[in-house]
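Colleague: Could you walk me through this model, starting with the spaces in it and then the parts around them?

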Amino acid sequence: WANYTASPLRAFENEMGAQPPFGFWDPVGFTADGDVDAYKRRRQTEIKHGRIAMLATMGYMTPEITGKWPGFLSPSAGLKFEDVPNGLAAISKVPVEGWAQILGWMAFCETSKSQAPGTPGAVGDFGWKLITSDDPVVKERKLASELANGRLAMVAIMGMFFQDGLTGSAFGDFAIKQGSAWLAFENELGVQAPVGFWDPAGFTADGSVE
């Protein structure tokens with residue numbers, strides 16, 4: 001690699017987010033053409049998706065830990081916050097007006113500040129200074145931490161979605177979904193701690209013993 005100085009990846013190997021142990025990691029080759037503008041657009045998207053994923057992950061976890069808001073989500077419908085289940089099951093419980101508010105807030109966040117190339121919004125700076133610092137070294141460390149945490153959150157929320165869809169719980173509680181085909185094999189030889197019965201590819205999803 002040290003001798004391959006002509007690689008387009010050299011343009012990005014020192015960018016923020018190239019962190020140990022992988023360094024600059026692009027197995028799919030999105031940056032193979034060395035296009036800087038495309039790289040910046042993808043980085044902008046990565047920051048945005050990472051932030052959304054961090055909020056989503058906390059949204060899954062927090063009600064389980066702290067409980068839910070008191071009072072009514074929809075007084076006219078008699079719907080209390082405690083009546084809304086956690087996870088994917090909440091999608092069908094939130095009233096249309098509630099989804100309209102959520103989508104309206106998302107639209108406001110998306111359009112309230114320019115995210116055109118060269119603007120602060122293009123690099124994720126929306127004027128919220130809690131994460132920043134006047135010290136350039138500290139600021140870079142914080143922003144790198146945000147990238148790393150956002151990446152972890154994107155993986156985490158996808159894992160929660162899959163577990164929720166398969167078991168009815170974001171935390172993989174098969175006991176509450178007795179109809180799951182996976183329960184047919186959870187006591188088979190080879191099901192060991194700490195993972196238990198593990199079939200991420202879903203080979204046994206049809207419950208076929210044969």
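Modeller: What follows is a short talk about a pocket, a cavity, a helix and one arginine. This is a predicted model, in which local features need pLDDT of at least 70 and side-chain atom pairs count only at pLDDT 80 or more, while totals for chains, interfaces and linings use all residues. Residues are numbered from 1 along each chain as its sequence is written, and side-chain values use heavy atoms, with hydrogens and water left out.

Colleague: Which residues lie nearest the centre of the second largest pocket?

Modeller: They are Gly17, Trp25, Arg43, Glu46 and Arg151, out of 24 lining residues. On a 1 Å grid over the protein atoms alone, a pocket is an open set of points with protein on both sides within 12 Å along at least five of seven lines, a cavity is a set of points where a 1.4 Å probe fits but cannot get out, and lining residues have an atom within 4 Å of a point.

Colleague: And which helices help to line that second largest pocket?

Modeller: α1 (36-66) and α3 (136-167) each supply at least two residues of its lining, where helices are DSSP runs (H or I, at least four residues) numbered from the N terminus.

Colleague: Switching topic, how many cavities of 30 Å³ or more are there?

Modeller: There is one cavity of that size, and the largest cavity holds about 40 Å³ of space. Among the residues that line the largest cavity are Glu46, Gly50, Glu146 and Arg151, and α3 gives the largest share of that lining, with five residues.

Colleague: What distance separates the end C-alpha atoms of α3?

Modeller: They are 46 Å apart, which agrees with the span expected for its 32 residues at 1.5 Å a residue, since the expected span is 1.5 Å times one less than the number of residues.

Colleague: What sits at the two ends of α3?

Modeller: At the start, a side-chain oxygen of Asp135 reaches to within 2.9 Å of the backbone nitrogen of Val137, and just after the helix Gly168 takes a positive phi of about 85°.

Colleague: Back to Arg43, is that residue buried or exposed?

Modeller: Arg43 counts as buried because its relative accessibility is 16%, and buried means under 20% relative accessible area with a 1.4 Å probe and protein chains only.

Colleague: What does Arg43 touch?

Modeller: Leaving aside neighbours within four places in sequence, Arg43 is in contact (heavy atoms within 4.5 Å) with Met16, Gly17, Leu147 and Arg151.

Note on methods: Polar contact = N/O pair within 3.5 Å; in protein donor to acceptor, adjacent residues only side chain to side chain. Points joined across faces, edges and corners; volume = space filled by probe spheres on them. Buried < 20%, exposed > 50% of the residue type's maximum accessible area, 1.4 Å probe, protein only.
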